[in-house]
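Hello,

Here is the structure we talked about. Please have a look, then read my notes below.

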Amino acid sequence: MNTFSYRGYQISYSEYGNENGRRVILVPDDGQDSTSIQSAISCMTASYRTVLIDFLGCGQSDKPPGFVSDLWHDQALQLKELFYAAGYETAILIGFGEGGCRTCAEFLRECPELAELVVFSAKSFRPGSLSPEAEGKVFVIPDSMRPSGGISWNLLNLILQQILHHDMTACPWCGQPMV
């Protein structure tokens with residue numbers, strides 16, 4: 001587990017997988033730590049350099065007193081600091097749950113140049129809420145592709161491979177147009 005400093009507190013993150021692969025940062029839902037999405041790593045490590053983060057107050061990161069007034073914006077700033085501290089130039093971000101997706105949206109507003117691609121669930125993305133530059137980096141997973149318990153890690157990995165290696169305008173499984 002690695003750490004970096006943000007506003008005087010230590011934030012923990014871990015890197016897994018192919019050191020030469022594209023970097024993919026998995027962004028957890030509100031109040032969850034990286035262990036809640038760690039199962040995603042097993043199907044992604046061969047192709048990608050996967051990064052998990054514990055935001056302040058979660059997991060192995062420091063637990064500051066009180067709350068921030070804008071959690072998603074603050075978590076986006078924590079992600080931005082991760083990029084600078086770890087020396088990342090760009091990365092793919094995948095938001096999990098409403099909170100992870102909202103944090104990714106705030107990150108796109110704050111620093112779109114650092115995001116190579118951001119994956120959202122359809123119910124968490126509001127078209128027109130980002131700049132044209134930022135929206136050009138968004139891939140929305142249609143709700144029809146999400147089983148009731150959320151999207152499977154293997155399916156997410158397949159989707160990611162399709163996005164990165166092809167011009168994917170429709171889901172290869174159901175034919176539904178991608179946003």
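**Contacts of N18**

Leaving aside neighbours within four places in sequence, N18 is in contact with T45, A46, S47, Y48 and R49. Keep in mind that this is a predicted model. N18 sits in the loop between β2 (9-17) and β3 (22-27). Its partner Y48 is 30 residues apart from N18 along the chain, yet their C-alpha atoms are separated by 5.4 Å. Is N18 buried, exposed or partly exposed? Its relative accessibility is 27%, so N18 counts as partly exposed; the partly exposed range runs between 20% and 50%.

**Aromatic rings**

Searching the whole structure gives three aromatic pairs. In one, F4 and Y13, the ring centres are 5.9 Å apart and the planes stand at 55 degrees, so the pair is tilted. The cut-off for edge-to-face is over 60 degrees. F4 and Y13 are both buried. Elsewhere, one aromatic cluster is formed by F83, Y88 and F107.

**Nonpolar cores**

The largest nonpolar core has 33 residues. Which of them touch the most other members? They are I25, L79, L82, L93, F107 and F120. F107 thus appears in this core and in the aromatic cluster. Not counting residues up to four places away in sequence, F120 touches C101, C104, A105, L108, F125, V138, F139, V140 and I141. I141 belongs to a second, separate core of 16 residues, which also includes I37, L52 and V119.

Best wishes

Definitions and conventions. Residues are numbered from 1 along each chain as its sequence is written. This is a predicted model: local features need pLDDT of at least 70, side-chain atom pairs count only at pLDDT 80 or more; totals for chains, interfaces and linings use all residues. Side-chain values use heavy atoms; hydrogens and water are left out. Rings of Phe, Tyr and Trp (its six-membered ring) pair if their centres lie within 6.5 Å; planes under 30 degrees apart count as stacked, over 60 as edge-to-face and the rest as tilted. Buried means under 20% relative accessible area, exposed over 50%, partly exposed in between (1.4 Å probe, protein chains only). A nonpolar core is a set of buried Ala, Val, Leu, Ile, Met, Phe, Trp, Tyr and Cys residues joined through side-chain atoms within 4.5 Å. Contact means heavy atoms within 4.5 Å. Helices (H or I, at least four residues) and strands (E, at least two) are DSSP runs, numbered from the N terminus.
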